[in-house]
Structure formats: C-alpha cells, structure tokens
Amino acid sequence: NNDKDSRRFLASFFKPLDHQTRDIMIDFVEGSQTLAPFVRDGDSATVSHRGGYKSRFVHAYGIELKRPTHAFDCLNRLPGEQPIYSGKAVSPSVRAAELAGRDLKDLKNRVYRTVEKIISDGFFDGKFDITDKDGKKIDSVNLGRSSSHVLTKEWGASYDGISTDLDDMATLINEDSGLTATDVILGKTAHAK
C-alpha cells in the first residue's frame, strides 16, 4: 500500500497533443536562428535563404490495457488487509472497491512508465522502439538527431569545463531550433565521470 505512483518527470516537459488519426506527419524544420551579418558601405545586401524541412510519418501505436475481474477475487483477502479470522476483515463489496482502485492505479502507472521510457530513449538515443506484450519490436521511431547534438566529452573529477560544454550545447540547440535550453538531463552514469 506504500508503493508510490510512477513519476511523470520527463513527460512534464511536453504538452499533450490530441489528434484523430493513428498516422501523424511531422515536419522537422531546419534551424534559422542565426545572426544577420553587417554589410560594408557600398556592398549589396546579403542573401538569406529559407531553411528547408523534412517530413516524417510516424504511426502512433496505442497503449491499451485491460484487467479481468472476477467476483471470487472479492472474497480473498487483499495484501495489507486484516486476516479474515481476525474478525476485522472488510466486506466483499468494500474489497471490490479497493481492488478496482488498486487495479486502475496499477494500469495507469504502467502507462506512465512506458511513456517515460520512450521519452528517455528519445533524449539519450535519438530513437525509440515500439515493443509488443512479449517484448518483441513492432516498429522503431528515429527522431533524426544529428551526431553534433550528442555531448560526448569525458568529465573527470579535475575537469573544469563542464559549464562551458553545457553552454556550448545550449547555444547549438538555440541556433538549430530557436528554442532556449533551460534544463539539463544527464544520463545515469554522468555522476561517475
């Protein structure tokens, strides 16, 4: 009963988007957040070209869980409940409500963990796999992350350029996307470097 709900840390950075189709076309627009150059007196204006874009189709697979319930389940003691012979056992109707609540919480947490895993894989690997109930790969979504957007420097105990490395990456993100990076998410081994 003390099991905590799954955290929604990574998902909290995104706004949910509802749509009425299973196939989604995403346009990846090339960055255009570059500085405009000055022109010397007498020179003509600098030509500025529009950025291009690439479209990718992504199939949005559903996450659909169900849990069968049986009347007999309401007659059995639940974990953490007083034993039936103690005289303090709850009625089957109260137990049914408790069981329904536990089931809904468990199903919701499974969905949250899956969403967090997909976001984590997207952040750290630039792609994620869609797997079925047996763990077999159905599909893979590659977000097209450029190798220039992977911070691969070794941060040792005596290295003092960590903040510079992070600032350089934030500048690159801003130039390529127009977004301002305000948060840093490090992998599980970052503390060991």
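The radius of gyration of the chain is 25 Å in this predicted model, whereas a compact globule of 193 residues would come out near 16 Å. The dimensions along the principal axes can be read beside that value, since the C-alpha atoms fill a box of roughly 95 × 50 × 30 Å.

Turning to the surface, the chain has an accessible area of about 15900 Å², and carbon and sulfur atoms account for 54% of that area. Only a part of the chain is covered: 12% of the 193 residues count as buried. As for charge, the chain carries 28 positive and 29 negative charges, and the mean positions of the two sets lie 8 Å apart.

The secondary structure consists of 2 helices and 4 strands, and, read from the N terminus, these elements follow one another in the order β-β-α-β-β-α. Among the contacts that join residues at least 6 apart in sequence, 56% are between residues at least 24 apart.

One residue allows a closer look at the first helix in that order. Glu-116 belongs to helix α1, which covers residues 92-125, and this glutamate counts as buried because its relative accessibility is 12%, under the 20% cut-off. Which residues does Glu-116 touch, once those up to four places away in sequence are set aside? Its contacts are with Arg-7, Arg-8, Phe-9, Leu-10 and Ala-11, so that, with contact meaning heavy atoms within 4.5 Å, this position in helix α1 meets residues numbered 7 to 11 of the chain.

Methods
Residues numbered from 1 in each chain as written. Predicted model: local features only at pLDDT ≥ 70, side-chain atom pairs only at ≥ 80, totals over all residues. Heavy atoms only, no water. Rg over C-alpha atoms; globule rule 2.2 N^0.38 Å. Buried < 20%, exposed > 50% of the residue type's maximum accessible area, 1.4 Å probe, protein only. Areas by Shrake-Rupley, 256 points an atom, 1.4 Å probe, with all protein chains shown as cover. Lys, Arg positive; Asp, Glu negative; His and termini not counted. Charge placed at Lys NZ, Arg CZ, Asp CG, Glu CD.
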